[in-house]
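Trainee: Could we go through this one together? I'd like to start with how the chains are arranged and then move on to the DNA.

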Number of protein chains: 2
Amino acid sequence: MPQRKRKTPGAVTILDVAKHAGVSPMTASRVINGSTRVAVELRERVQAAVRELGYRPNLAGRSLRTTGSARVGVLYSNPSAAYLNELMLGILEQSSLSGVQVLVEKCAGMQSQRAATQRLLEAGVDGVILPPPLCDSPQTVRELDERGIPVVAVATAAPMQDVPSVRIDDYQGARAMTRYLLDLGHTRIGFIQGDPKHTPAQLRLQAFRDTMAEAGIAVPDAYVAPGLFTYRSGLSAARQLLDLPQRPTAIFCSNDDMAAGAMAVAHGMGLRIPGELSVVGFDDTPVATTLWPELTTIRQPVTAMGKAAVSALLELIRDRRAGRSREAAHQVMKYALVRRQSSAAPG
Amino acid sequence: MPQRKRKTPGAVTILDVAKHAGVSPMTASRVINGSTRVAVELRERVQAAVRELGYRPNLAGRSLRTTGSARVGVLYSNPSAAYLNELMLGILEQSSLSGVQVLVEKCAGMQSQRAATQRLLEAGVDGVILPPPLCDSPQTVRELDERGIPVVAVATAAPMQDVPSVRIDDYQGARAMTRYLLDLGHTRIGFIQGDPKHTPAQLRLQAFRDTMAEAGIAVPDAYVAPGLFTYRSGLSAARQLLDLPQRPTAIFCSNDDMAAGAMAVAHGMGLRIPGELSVVGFDDTPVATTLWPELTTIRQPVTAMGKAAVSALLELIRDRRAGRSREAAHQVMKYALVRRQSSAAPG
DNA sequence: CTGAAAGCGCTTACAG
DNA sequence: CTGAAAGCGCTTACAG
């Protein structure tokens, strides 16, 4: 058996591809990066070589040349563990693809927010991603902006004019869910609010009210219960709703954690879900598929939003380095209504 | 204001550090990487320069030279979404630090497992991380091994001799939890099993039985309810336990998802937690802090285990490339008993 | 103990 | 449309 030629076994480089295709590394690079300015024949030869050799670009090499050495910070406070995990997944994945380093800082109060920002700056971050609820904090945004650090806001429902954002349309999402329940035949629909300080919570409630009004169905005050996005608040809100003399046949919870609380109460009262009560949520975090029956909810593509945030931030950083500037981009990602087993026509 | 000298603003390189300290880049590199073979004075000058300039090594550059271009695969099946998220967080974080690319493949049945393995191989992975339950599948391990792909098993409770693993001691963890409940004064302790096909589930049950026996407390058969690690199975197991004429004062659930189910049932029956019933779990996934009251559980450092798995795999890959080989390392991480509000002395 | 040279894999900027 | 040269930031291997 002949001696292997490759120095590091398993590593197919762009030089191997170029040699195999009989072109220069530059031409190979151009084909691999989708440039159109390559003769058809060469392009095909390179593509064949990529396939035959199983070539995959080494991103460390690429990013060394392109992005240079960017570092992005993530500054968060008061997160839902599940939500943050999922977001970080996207952020880390895209960072790894882009050869970018990620620094994470947590802060609690306003004071620790300053300290956390300071630490990020000292670590030399070139930009910062702001998950909710910090994305809605003008102070935080301003403080970073003053230091010349670009910011991307994730999942804000009230995007600031000049701060790029990645979000879904909370209003339309909550509207779609309300309409879905109406279409199933529900008229007595309870609603559990999220933390009123969060902009998405406000919009979700507003969409619910508007859609019910358009359908000509009055919503009794008692059918809208306060909540804080926590499981615990879901428990007490659901008790409140289900103890009403005329109880709702469906409950629309402003997030999945509260829906889990609502389902716990319903299970406890011996109510069959969805036979006697439909429960729906919002976000589609892992808890939605943990519950039984599995939860109908609005899917927010959190991981994809994390990726998009990194990409947007990187563009900003490159622009800034190149001395360019452009208008803040607001990316609205698609939500999806995911029908599972927790919802059905009223019994 | 004078023109900035740096080509890419914000990027402090090792050359800047070296110049600032008046040494060669090599000496700077040695200090930064903790080599001891540097004169004290030079070391201190470099360290000062690092501090003053806020230097942070660019990992893309480093990994290009050291690891070369490693790629690690993650092959999973049938995961708890929350667990997998947390594990991936660690895997991605460490990969990003090490400048390694990560490829993820999911598989369902045995057939799709072959296909997924094939895809990973075609993508040129240099090693594979196997989360549970695939880490306990000899076929999967063998198939990869035959192709010369190193494997690291995560969270198996029955590590194979020659496959490196990262895990906690499930037996000792479950023992500690049982003893904790005993020390609180509980004698009527129910147990909800995990999926009996998973090795950790078997050990956790065994530890419970042994510890109870040592305390001289008989465990009625009806006090051990079958489960599958799912919320749903937790619901029915808890119903079974709580409907007993002489019901337990505490329930030890083999994971957090089932504890969530058990708490839902207890809430429904109007049982106060922890006053009338203590509920404890295992794993400390995000659900543990989502519930109310928050869940006492055994913390498995899942994110750290993901990081450790990447590091172990990278060592294996480097060894293999260098033609070295050594014994499989089995890393046992520390668990922790996290006391929260779901457990107390029997009422 | 210290450093000059070379190169990891890739792409930018330039020349044809 | 194509390619030779240079360099991103870092460290290995070699020489002193």
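Trainee: Which residue of chain A comes closest to the rotation axis?

Mentor: Bearing in mind that this is a predicted model, the residue of chain A that comes closest to the rotation axis is G268(A), whose C-alpha lies at 1.3 Å.

Trainee: And what turn and shift lay chain A on chain B?

Mentor: A turn of 180 degrees with a shift of 0.0 Å along the axis lays chain A on chain B, and the RMSD is then 0.2 Å. That is the relation of a two-fold axis.

Trainee: Why say that the copies meet through the same surface?

Mentor: Because 95% of the interface residues of chain A are interface residues in chain B as well.

Trainee: Switching to helix 10 of chain B, which of its residues are buried?

Mentor: The buried residues there are Y231(B), S233(B), G234(B), L235(B), A237(B), A238(B), L241(B) and L242(B). Their cover includes helix 11 (256-268) and helix 12 (287-290) of chain A, and from chain B it includes strand 6 (189-192), strand 7 (224-225), strand 8 (250-253) and helix 11 (256-268).

Trainee: What span should helix 10 of chain B have?

Mentor: With twelve residues (231-242) at 1.5 Å a residue, helix 10 of chain B should span 16 Å, and this agrees with its end C-alpha atoms, which are 16 Å apart.

Trainee: On to the DNA: how many residues surround strand D, and which are the closest?

Mentor: DNA strand D is surrounded by 24 residues, the closest being T27(A), R30(A), A39(A), I14(B) and Y55(B). Of the atoms of strand D that come within 4 Å of the protein, 64% are accounted for by sugar and phosphate.

Trainee: Which side chains have an N or O atom by a phosphate oxygen of strand D?

Mentor: Among them are S24(A), at 3.2 Å, and R62(B), at 2.7 Å, while a polar side-chain atom of N33(B) lies 3.0 Å from a phosphate oxygen of that strand. The elements giving two or more residues to the surface near strand D are helix 2 (25-32) and helix 4 (59-65) of chain A, together with helix 2 (25-32) and helix 4 (59-65) of chain B. Helix 4 of chain B gives the largest share, four residues.

Trainee: And strand C, which helix gives the largest share there?

Mentor: For DNA strand C, the largest share comes from helix 4 of chain A, with four residues. Side-chain N or O atoms of S29(A) and Y55(A) lie 2.8 Å and 2.4 Å, respectively, from a phosphate oxygen of strand C, whereas a backbone N or O atom of R65(B) is 3.5 Å from a base oxygen.

How values were computed: Residues numbered from 1 in each chain as written. Chains lettered and ligands numbered in written order. Predicted model: local features only at pLDDT ≥ 70, side-chain atom pairs only at ≥ 80, totals over all residues. Heavy atoms only, no water. Near = heavy atom within 4 Å. Polar contact = N/O pair within 3.5 Å; in protein donor to acceptor, adjacent residues only side chain to side chain. Least-squares fit on C-alpha atoms with pLDDT ≥ 70 in both. Contact = heavy atoms within 4.5 Å. Expected span 1.5 Å × (residues − 1). Buried < 20%, exposed > 50% of the residue type's maximum accessible area, 1.4 Å probe, protein only.
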